[in-house]
Amino acid sequence: MTPSLRRPVKVAGASGGFSDRVRAISSLAANEDVDVIVGDWLSEMTMTIHGTGKIAKQAELQGKELSFEEQVQHAMFAENFMDCFEPAIDDLARRKIKLAVNAGASDAEILAKLVVKKVQEKGHNLKVAWIEGDDATGAVKAMMQKGEGFRSLMHNKSVQEWGLEPVCAQCYLGGLGIAKALTAGADIVICGRVSDASPIIGAAAWWHQWTANQFDELAGSLIIGHLLECAAYVSGGYSSDFKDLIKEGKHINLGFPIAAIDHMGHAVMYKEKNTGGVMTVNSVTSQLLYEIQGPQYYNCDVTAQIENIKIEQVGEDQVKVSGVKGLPPPPTTKVGITGFAGWQAEYHVYLCGLDIEEKCKWIEEQIRYELGEELISKFTTLKFMQNGSSVVDARNQDVATVDFRIFAQTKDRDLVRMRNPDGFFRKSMVMFLMSCPGASLGNDMRQAEGKPYYEYHPALLPQSALKQRVHLLFDAEQPIIDMPLAPEFRTYDRQQPTYETKNPADLSSFGPTTRLPLGRIVLGRSGDKCSDCNVGLFVRHDDEWDWLRSFLTVAKIRELLGPEEDKGKPIDRFEMPNIRAVHFLLHDHLDRGYDACSTYDTLGKNCCEYLRARTVDIPTKFVERGLV
């Protein structure tokens with residue numbers, strides 16, 4: 001069968017992260033007509049844990065001969081993957097469904113061998129492969145010795161300017177290694193840090209027999225992968241119109257998504273049957289806008305140009321995605337460098353009632369006095385944060401309670417030992433018995449004991465420095481396959497295209513206005529890439545598009561952020577007119593990213609909801625049509 005005549009490949013997304021539902025793989029394998037199941041278990045946070053954990057284990061176990069069981073015990077893969085995988089083995093084998101996941105983390109080989117063992121114990125002969133090449137620790141350190149600075153994609157500082165010693169580094173691989181493994185006969189492919197969308201690229205490229213220079217097709221599957229890899233995020237999870245799901249009783253047990261990807265890289269997306277959730281233009285658009293960095297979406301295999309993407313409702317819970325243009329990949333890939341930053345501790349005081357800001361001021365000034373300037377100088381971060389406000393006439397006391405957070409980071413381990421009489425906790429918590437009215441310490445003080453924390457430094461690594469190989473753990477003529485580089489590269493500016501709208505409409509032309517929160521007619525999604533925060537905002541109706549694109553300028557976003565949230569750093573902007581969306585990238589907005597972040601919104605997910613709650617002047621004719 002020629003590729004152009006082959007039916008679409010049906011790919012199901014079974015995991016958006018290590019915390020996703022255990023039933024996913026087994027439910028999809030047992031009940032859905034799919035060809036490939038994919039899953040994402042990794043994040044910047046988990047890779048920091050796995051990468052630093054492996055380095056520590058290597059030092060601890062150096063020179064020791066370990067049995068396979070001991071290797072598994074000490075391995076740094078996503079161990080909860082096995083909870084999801086083992087119940088599905090029989091159905092995967094019976095229905096001949098392929099599986100490709102990145103749960104291997106920093107020990108993909110050991111996880112792959114464990115999968116072989118568990119499959120054989122079930123009496124099956126599924127063929128397993130694993131992908132090598134994402135551990136870039138050695139390459140990064142060698143290049144640094146030769147003078148490479150590895151400037152951050154977030155704040156442009158070199159590693160030297162960053163000031164932390166790299167502990168480990170992982171690079172993001174593409175999907176063609178997965179396609180090669182499947183073509184060689186693998187039923188299960190275990191990967192480490194491939195990009196989140198790469199298993200979907202691999203599944204589609206294998207099925208449709210795409211070559212490495214079919215950039216339009218690869219780019220289409222890359223964006224379908226972006227939509228699919230976060231599981232229920234695309235089937236109603238995190239959608240701004242979530243109240244509609246509650247009204248319809250569809251907010252429980254949101255279905256895992258499935259994409260039928262055709263030979264052109266277009267797809268129709270739907271969800272597993274007999275589940276909650278939805279698959280709508282709004283839910284798909286929301287996920288598209290999550291964690292993107294600009295109009296160009298980079299991968300080792302291809303660059304996707306997404307400004308002209310089309311998202312169309314073609315049936316109940318069926319959405320077609322097309323219009324993505326493919327370009328050659330960049331000659332580099334992203335590499336995440338982890339450095340040990342120090343020790344972190346915090347505790348919380350609960351407050352209620354009148355004069356909350358004055359109560360917070362009282363506590364902060366007492367704590368600063370007790371610590372003293374000399375001790376305070378030993379903290380790299382010391383923050384006092386009021387979380388929430390106490391409304392008058394609240395419906396109950398819990399609703400009126402405010403969490404006052406005392407947060408510290410330091411390079412001095414002793415400073416955050418709870419038992420240290422001259423340390424952070426013991427010196428500062430003495431204010432409790434002379435505090436403001438109602439101040440109550442939280443019952444759980446475990447966070448007040450110092451824990452190690454890391455910082456994540458994303459940079460670019462030449463693809464030529466990678467050694468990506470496919471390992472086939474079954475009888476094969478070539479058990480180890482070296483993956484070639486892409487047939488063509490294109491160099492792109494580090495700064496993505498950014499622009500204000502062309503020919504903006506006169507806002508007065510939309511008639512009378514009503515003062516309401518922006519989110520009453522505008523939907524959106526936000527997220528993180530290390531310390532960058534992206535925010536995408538869109539409207540539901542065509543006649544609202546000219547208003548949105550003209551209204552949402554960079555200056556307006558700064559105004560909506562307000563003086564306390566606008567960090568004064570660059571903000572990029574671009575448009576996707578076919579889906580009526582404006583996208584903003586807030587550079588270095590999230591205080592060093594998840595691993596070290598001192599704010600509540602460590603993943604940037606609440607930035608959009610904060611902006612949507614800001615009041616603006618909305619054309620009354622849009623308001624009268626109906627609110628979100």
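At 8% relative accessibility, Arg-612 counts as buried (buried is under 20% relative accessible area, exposed is over 50%, and partly exposed is in between, using a 1.4 Å probe and protein chains only). Its partner in a salt bridge is Glu-609, with N and O 3.0 Å apart; here a salt bridge is a side-chain nitrogen of Lys or Arg within 4 Å of a carboxyl oxygen of Asp or Glu. Glu-609 is partly exposed, at 33%. Both residues sit in helix 18 (residues 607-612), three residues apart, or about one turn of the helix. Helices (H or I, at least four residues) and strands (E, at least two) are DSSP runs, numbered from the N terminus.

This is a predicted model, where local features need pLDDT of at least 70 and side-chain atom pairs count only at pLDDT 80 or more, while totals for chains, interfaces and linings use all residues. Residues are numbered from 1 along each chain as its sequence is written, and side-chain values use heavy atoms, with hydrogens and water left out.

Across the whole structure, 37 salt bridges turn up. In helix 2 (residues 44-61), Lys-57 and Glu-60 are also three residues apart, about one turn of the helix, and their side chains meet in a salt bridge at 4.0 Å, N to O. Lys-57 is partly exposed at 23%, and Glu-60 is partly exposed at 46%. Lys-117, Lys-118 and Glu-121 are linked in a network of salt bridges.

Arg-573 pairs up with Glu-500, their closest N and O atoms being 3.5 Å apart. Arg-573 lies in strand 24 and Glu-500 in the loop between strand 20 (480-482) and strand 21 (513-517), so this pair ties together parts that are 73 residues apart in sequence. Arg-573 is buried, with just 1% relative accessible area, whereas Glu-500 is partly exposed at 37%.

Strand 24 also belongs to an open sheet of four strands, in the order 22-23-25-24, with antiparallel pairing (two strands pair if DSSP finds at least two bridges between them). Strand 22 (522-529) and strand 24 (571-576) stand at the edges with a single partner strand each, so one side of each has no neighbour in the sheet. From one strand to the next, the twist averages 15°; axes are lines fitted to C-alpha atoms, for helices over the stretch in contact, and angles run from 0 to 180 degrees between N-to-C directions. Inside this sheet, six bridges join strand 23 (residues 532-539) to the antiparallel strand 25 (residues 581-586), and Cys-533 stands opposite Leu-586 in strand 25.
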